[in-house]
Amino acid sequence: MKKLVFILVSMILLLSACGSGGGGNGAEGGGDPVVISGKPWTEQRILPHILAEYIKAKTDIPVTVDEGVGETNVLQQAITDGDIDMYVEYTGTGYLAVLDKEFKPGQSAEEIYKTTKQAYEKQFDLTWLQPLGFQNTYSITVRQETADKYGIKKASDIVQYSKDMLFGGPATFYGRPDGYDYMVEAYGYNFKDHKSFKPGLMYKALDEGEVDVIPAFTTDARIDKYNLATTVDDKHIFPPYFAAPVVRMDVLETYPKLADVVNQLKGKISDEEMRHLNGLVDIERKKPEDVAKQFLKDQGLIE
């Protein structure tokens with residue numbers, strides 16, 4: 001009797017094991033969920049959902065989104081501690097703010113990416129997957145009426161008027177190695193004062209005349225909404241800021257197909273598309289997860 005019970009239990013366990021692997025598009029379910037996070041602003045709330053929805057559509061890998069955990073320093077600590085597993089970073093930010101390397105004008109986007117990827121793997125056991133296609137860089141920006149009045153087209157055109165101008169930017173911009181002090185020194189600005197705002201509020205502050213200059217993000221739809229005038233970085237002080245997923249290397253060992261799947265998104269989001277997606281959230285007040293899912297469907301990436 002005991003022998004019969006043992007055989008029955010063994011058969012049940014065997015059948016259970018055979019069924020646990022899932023099916024379809026390369027099932028890897030069964031482990032801990034891959035936690036995807038981002039920074040506390042619009043673009044970074046959309047991108048985790050784009051990654052998550054695509055992974056869920058193409059695999060059986062368990063995935064969850066933890067929106068808006070914090071800025072780069074918080075996310076870097078969270079991912080190295082294992083509290084999150086993946087988020088989208090920008091190559092210039094990783095190179096300058098995390099690795100504390102010096103950017104030299106003329107360095108190519110490919111050089112910045114390769115150097116950053118290699119250093120992350122060596123120092124943090126993290127790796128960079130393929131860039132998503134767009135870059136979100138800074139553009140020193142003024143009101144259109146200001147640009148028209150003074151003939152401002154390049155960032156250096158602001159220098160001679162800066163003593164009469166107020167600068168406004170995100171609090172984090174004042175502490176970054178590629179931020180306020182770096183920009184002022186590189187261009188020779190002499191602003192009469194500067195203020196801190198949440199990233200989304202600085203556009204309205206500029207439009208309403210509370211400040212005269214801001215470091216706009218080039219993929220932010222509020223540039224168009226408020227008819228603001230961006231300038232050309234004619235001294236090339238800002239490095240390339242191409243967006244790419246950063247992921248824990250031990251997670252890729254647990255889910256070997258994850259990198260290949262996420263890398264299918266290489267080059268799929270243009271600067272214009274990212275600005276449009278941001279506008280759907282910031283201006284039309286749609287939910288980031290809904291915008292992300294609709295984008296993937298519109299691009300034929302998921303059904």
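This passage describes a sheet, the helices that lie across it and a pair of packed helices in a predicted model.

The sheet is open and consists of five strands, arranged in the order E2-E1-E3-E10-E4, and its pairing is mixed. The edge positions are taken by strand E2 (63-66) and strand E4 (126-128). Each of these two has a single partner strand, so one side of each is left without a neighbour in the sheet. From one strand to the next, the twist averages 30°. Strand E1 (residues 34-37) runs parallel to E2, and the two are joined by four bridges. Within this pair, Ile36 has Val65 of E2 as its bridge partner.

Two helices can be placed relative to this sheet. Helix H2, formed by residues 42-58, lies across E1, E2, strand E3 (86-90) and strand E10 (243-248). The direction of H2 is at about 130° to that of E3. Helix H5, formed by residues 109-124, lies across E4 and E10 and runs at about 165° to E4. E4 is one of the edge strands, and E10 stands beside E4 in the strand order.

H5 was examined further. The helix has 16 residues, and the distance from its first C-alpha to its last is 22 Å, close to the 22 Å expected at 1.5 Å a residue. Buried residues in H5 include Ile112, Tyr113, Thr116, Ala119 and Tyr120. These residues lie on the same side of H5, because they cover an arc of only 145° around the axis. Gln118 and Lys122, on the other side of H5, are exposed. The buried residues pack against two strands of the sheet, E4 and E10, and also against helix H3 (72-81) and helix H4 (91-98). Just after H5 comes Asp125, which takes a positive phi of about 60°.

A further helix pair is found later in the chain. Two packed helices are described by the angle between their axes and the distance between the axes. For helix H12 (residues 271-282) and helix H13 (residues 288-298), the angle is about 145° and the axes are 9 Å apart. The crossing of H12 past H13 is right-handed. On the H12 side, the contact is made by Glu273, Leu277, Leu280 and Val281. Pro288, Val291 and Phe295 make the contact on the H13 side.

Note on methods
Residues numbered from 1 in each chain as written. Predicted model: local features only at pLDDT ≥ 70, side-chain atom pairs only at ≥ 80, totals over all residues. Heavy atoms only, no water. Pairing = 2+ DSSP bridges. Axes fitted to C-alpha atoms, helices over the stretch in contact; angles between N-to-C directions. Contact = heavy atoms within 4.5 Å. Expected span 1.5 Å × (residues − 1). Buried < 20%, exposed > 50% of the residue type's maximum accessible area, 1.4 Å probe, protein only. Arc of directions from axis to C-beta. Left-handed = near helix turned anticlockwise from the far one by under 90°.
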